[in-house]
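Q: Please take me on a close tour of one part of this model, and follow the chain outwards from there. I'd like each cut-off spelled out as you go.

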Amino acid sequence: MFDILIALLGLVMIFGAAHELGHELKSPDVLFVILPTYFNDYLGYPILGLMLFGVLYLAAVLSTLGLMEVLVTNVQDGLGLPRQRAVWLIVAVIMCSVGAFLVGSELTGISKIQMVVWIDRLVVQFGLPCVGGLLAWWIQKYVSKTLLRNQFIDEDIVESRALYSEWRGILRWFMPVLVFMSLLIVLWSHFIHY
């Protein structure tokens, strides 16, 4: 509830500041240009901009730690490594990825911001739907019905037995259609813009 409330308050603040400054909300600089400009020039309190970036920095660090914990746990379980080695492996992969990003940006001549936007579009608009669709297909094809039933149904919750067939229907029919439609929409929007 608090997360949703804070997100809504942030949304109201960003849209209000953008409207007040007459700025369009189409570019990725909304957070990093509109709010600091609003705090500094319009309100005359540059300390608010500093506080905003401090909070954003803390949120980014804490989110990164949470994401790293998932990666470390998966590497520990998948490769059977102790925690410390799993952490060092993940850090090495991240550092190599950052290095590849920087070298790729220099070799291609694409600006780092454009590269980030391109990678974001590739991962969010294509990668996530494809992974979701492949995961739904893999579960349907290779996971036994008994295991699915045991994982989904909790004997203490009567509704879980009733919702099992709906969940299977969503996994079998709704999920592939949704993934296919989202990919069509993404492709269609790219063809319209180019």
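**Helix H4 and its surroundings**

A: Happy to! Helices H4 and H5 cross in a right-handed way (the near helix is turned clockwise from the far one by less than a right angle; anticlockwise would be left-handed). This is a predicted model, in which local features need pLDDT of at least 70 and side-chain atom pairs count only at pLDDT 80 or more, while totals for chains, interfaces and linings use all residues. Residues are numbered from 1 along each chain as its sequence is written, and side-chain values rest on heavy atoms, without hydrogens or water.

H4 spans residues 83-108, and its axis comes within 10 Å of that of H5 (residues 112-142), at roughly 115°. Helices here are DSSP runs (H or I, at least four residues), numbered from the N terminus; axes are lines fitted to C-alpha atoms over the stretch in contact, with angles from 0 to 180 degrees between N-to-C directions. On the H4 side, the contact (heavy atoms within 4.5 Å) uses Phe101, Leu102, Gly104, Ser105, Glu106 and Thr108. Lys112, Met115, Val116 and Ile119 meet them from H5. By class, five of these residues are nonpolar, three polar and two charged. For that tally, Ala, Val, Leu, Ile, Met, Phe, Trp, Tyr, Cys and Pro count as nonpolar, Asp, Glu, Lys and Arg as charged, and the others, Gly among them, as polar.

Now to Ala86, which also sits in H4. Its relative accessible area is 0%, so Ala86 is buried (buried means under 20%, exposed over 50%, partly exposed in between, using a 1.4 Å probe and protein chains only). Beyond its neighbours within four places in sequence, Ala86 is in contact with Val72, Val75, Gln76 and Leu81. The C-alpha atoms of Ala86 and Gly109 are 34 Å apart, with these positions 23 residues apart along the chain.

Leu81 belongs to the loop between H3 and H4. With 25% relative accessibility, Leu81 is partly exposed. Setting aside residues up to four places away in sequence, Leu81 touches Val75, Gln76, Ala86 and Leu89.

Ile94 is another residue of H4, partly exposed at 34% relative accessibility. A C-alpha separation of 16 Å divides Ile94 from Gln76, 18 residues away along the chain.

The cysteines deserve a glance too. Cys96 is exposed because its relative accessibility is 56%, whereas Cys130 is partly exposed at 35%. No disulfides are counted, a disulfide being a pair of cysteine sulfur atoms within 2.5 Å.

Finally, step back along the chain to H2 (residues 30-42) and H3 (residues 46-79), which pack at an angle of about 150° with axes 7 Å apart. Their crossing is right-handed. H2 brings Leu31, Phe32, Leu35, Pro36, Phe39 and Asn40 to this contact, and H3 brings Pro46, Leu48, Gly49, Leu52, Phe53 and Leu56. The class count for H2 with H3 is ten nonpolar, two polar and no charged residues.

Methods:
Helices (H or I, at least four residues) and strands (E, at least two) are DSSP runs, numbered from the N terminus.
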